[in-house]
Amino acid sequence: MAGVNTIYGSGMLELGMTFSNEQLIIDNDIIQMVKKAMEGIPVNDETLAVDQIKKVGIGNNFLALKKTRELIDLPSNPALIDRLMHDDWKAMGGKDMASRAHDTVVDVLKNHEVPPIDRDIYNDMKAIVDKADKDYKL
């Protein structure tokens with residue numbers, strides 16, 4: 001929040017002596033939330049839902065309004081962090097964050113497909129490597 005723009009150590013444990021895919025998934029969720037917070041939150045009549053508050057009235061419950069539900073993820077929308085109430089969380093299996101992170105790791109390893117590098121970019125990269133090999137006689 002103090003202007004730092006580099007985040008180091010994602011997925012690392014034990015001062016970097018150990019790496020965890022699950023920790024990487026957890027750290028990624030936290031990083032995404034920090035990046036979202038750094039963007040700031042737009043403050044205007046729409047995001048403050050001024051019309052909705054006026055309609056419901058001061059001191060009354062506007063949390064169940066559709067507009068409130070539409071704006072609830074504006075400050076952050078984590079993929080892994082669970083904001084369910086305890087009873088709802090238990091009813092949905094009660095998985096802790098490490099278990100959810102592990103499920104994500106398994107899914108990524110099983111299903112993720114790396115898009116191929118554009119042929120022009122590949123050729124440019126290969127030319128750089130070939131030149132370096134030639135210059136250093138490798």
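This passage describes salt bridges in a predicted model, with attention to those within helices H4 and H7.

A search of the whole structure identified seven salt bridges. Two of the pairs considered here involve Glu70. Its side chain meets that of Lys66 in a salt bridge with an N to O distance of 4.0 Å. Glu70 also forms a salt bridge with Lys67, for which the closest N and O atoms are 3.7 Å apart.

Both pairs fall within helix H4, which spans residues 66–71. Glu70 and Lys66 are separated by four residues, about one turn of the helix. Glu70 and Lys67 are three residues apart, again about one turn of the helix.

The three residues differ in their exposure to the surroundings of the protein chain. Lys66 has a relative accessibility of 57% and therefore counts as exposed, the cut-off being over 50%. Lys67, at 17%, counts as buried because this value is under 20%. Glu70 has a relative accessibility of 48% and so counts as partly exposed.

In helix H7, which covers residues 119–135, the side chains of Lys126 and Asp130 meet in a salt bridge with an N to O distance of 3.0 Å. Lys126 and Asp130 lie four residues apart, about one turn of the helix. Lys126 is partly exposed, with a relative accessible area of 38%, and Asp130 is likewise partly exposed, at 37% relative accessibility.

Salt bridges with shared partners join Glu46, Lys66, Lys67 and Glu70 into one network.

Note on methods
Residues are numbered from 1 along each chain as its sequence is written. This is a predicted model: local features need pLDDT of at least 70, side-chain atom pairs count only at pLDDT 80 or more; totals for chains, interfaces and linings use all residues. Side-chain values use heavy atoms; hydrogens and water are left out. Helices (H or I, at least four residues) and strands (E, at least two) are DSSP runs, numbered from the N terminus. Buried means under 20% relative accessible area, exposed over 50%, partly exposed in between (1.4 Å probe, protein chains only).
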